[in-house]
Amino acid sequence: MVIDGQVKAVIGRALMAKMWVEKHRPQTVDDIRGQPAVIGRLKAYAEQGSFPHLLFAGPPGTGKTTAAIALTRDVFQDSFRDNILEMNASDERGLDSIRNKVKQFAKTSPLGGATFKVIFLDEADALTSDAQGALRRIMEQYSETCRFILSCNYSSKVIEPIQSRCAVFRFRPLANDQIAKQISDISGSEGVTLDDDAKEAIINVSQGDLRKAITALQVAASLDKHVTRALIYETTATAPPEQLHDFLLACKRDGFHPARRRLQTILDKFGLAGTDFINQLHRAMYDTEFLEEIQKLELTEMLAQVDFRLVEGGGEALQLDAMCSNICRLLSD
Ligand SMILES: Nc1ncnc2c1ncn2[C@@H]1O[C@H](COP(=O)(O)OP(=O)(O)OP(=O)(O)O)[C@@H](O)[C@H]1O
Ligand SMILES: [Mg+2]
């Protein structure tokens, strides 16, 4: 398809240009969107000029790294670069390298009148439990001179003793209106015309992940400064909800072969893998008016099974055909 080649070239260009997620990353805690349960407390820390060890947990693209850096910047102002050590735990899983770096960093006194330094350990849930055991001692050893900010997607993967040494903050997927405001602001400052239904499409594809939303906007805008709904769906490997509704309707009314052809068309047109299709169908299903509640429940159960089989390595074509035939059976009048 022409669009595929075009999109690849554009994504390449977009990556070469400054990423909007970085360019528009809030610099101070005040500018972070949403997260009302978190931001008030972080502002209080910024005003006090001090904070305990912190653990930020929550889904991708919701502001954890942004908040860690913004808070440090708010506390240390101009000397913030000298007082923060950033480490990505998924690159440096070996505790020895962390220990050495921490020691090295902690040895020199804080600059610019600060009383402590900050060690920001991103993706801390990637550390093995042995490494976490050692980290817990390091946190104690250096707590006089260093505060740790840990960020992770799953707090359950961080051992209890570390959690109990930290104030834990839970980040939530961003609300639709917060995503809408941020992408409208970015569109305004980047000279992009964003249609209202394109904004809705970005909200739909991003599912509360603001990084995904901004990236979708940038990729589409590099193709055309006038961003439309169709452009968003074409460039994000997402099928518009009505296509998924039509697939379900075909299962209900037309039977297996037409429904299967429709499924194939959707996969080809939007470049979806089987698991993408299943996840998107699952989301779209809830707004489908012609489905009864019990059918939605059964469909959910069925999609979960197919998803599991695909992840376990089941053949995609066969699994999707089986799914299609099961949906036809379930929905046929
Ligand atoms: N709450 C927010 N307010 C404003 N911008 C945000 C927010 N959350 C995310 N962003 C935007 O998305 C980008 C990525 O966010 P960030 O790096 O903070 O995500 P994260 O929560 O650390 O995700 P991950 O779990 O993948 O590390 C930021 O550079 C910023 O542009
Ligand atoms: Mg992060």
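The exercises below, each with a worked solution, concern a predicted model.

**Exercise 1. Overall description**

State how many helices and strands the protein has, and what box its C-alpha atoms fill.

Solution. The secondary structure comprises 17 helices and seven strands. Taken along the principal axes, the box filled by the C-alpha atoms is roughly 75 × 45 × 35 Å. The protein has 333 residues, of which 35% count as buried. Turning to contacts between residues at least 6 apart in sequence, 76% of them join residues at least 24 apart.

**Exercise 2. Helix α13**

Check the span of helix α13 against the expected value, then determine where its buried residues lie and what they pack against.

Solution. Step 1: α13 covers residues 241-253, which is 13 residues. The expected span is 1.5 Å times one less than the number of residues, so α13 should span 18 Å. The C-alpha atoms at its ends are 18 Å apart, in agreement with that value.

Step 2: the buried residues of α13 are Leu244, Phe247, Leu248, Ala250 and Cys251. Viewed down the helix axis, the buried residues occupy an arc of 155°, and therefore they line one face of α13. An α-helix has 3.6 residues a turn, so residues three or four places apart point the same way.

Step 3: the packing partners of these buried residues are α14 (256-270), α15 (274-285) and α17 (316-331).

Step 4: after α13 comes Gly255, which has a positive phi, near 95°.

**Exercise 3. The shell around ligand 1**

Describe the residues that surround ligand 1 and work out where the ligand lies relative to domain 1 and domain 2.

Solution. Step 1: the shell consists of 23 residues, with Arg25, Pro60, Gly63, Thr65 and Thr66 the closest.

Step 2: sorted by class, the shell holds seven nonpolar, 11 polar and five charged residues.

Step 3: at least two shell residues come from each of α2 (20-23), α4 (64-76) and α11 (210-223).

Step 4: domain 1 (2-21 + 175-235) and domain 2 (35-170) both contribute to the shell, so ligand 1 lies between them.

**Exercise 4. Leu297**

Decide whether Leu297 is buried or exposed, and give its separation from Tyr286 in sequence and in space.

Solution. Step 1: Leu297 belongs to helix α16, residues 293-311.

Step 2: there are 11 other C-beta atoms within 10 Å of Leu297. A residue counts as exposed at 12 or fewer, so Leu297 is exposed.

Step 3: Leu297 and Tyr286 are separated by 11 residues in sequence, and their C-alpha atoms are 9.8 Å apart.

How values were computed: Residues numbered from 1 in each chain as written. Chains lettered and ligands numbered in written order. Predicted model: local features only at pLDDT ≥ 70, side-chain atom pairs only at ≥ 80, totals over all residues. Helix = DSSP H or I, 4+ residues; strand = E, 2+ residues; numbered from the N terminus. Buried ≥ 20, exposed ≤ 12 C-beta atoms within 10 Å, placed from the backbone. Arc of directions from axis to C-beta. Contact = placed C-beta atoms within 7 Å. Near = placed C-beta within 6 Å. Nonpolar A, V, L, I, M, F, W, Y, C, P; charged D, E, K, R; others polar. Domains from an automatic or database assignment.
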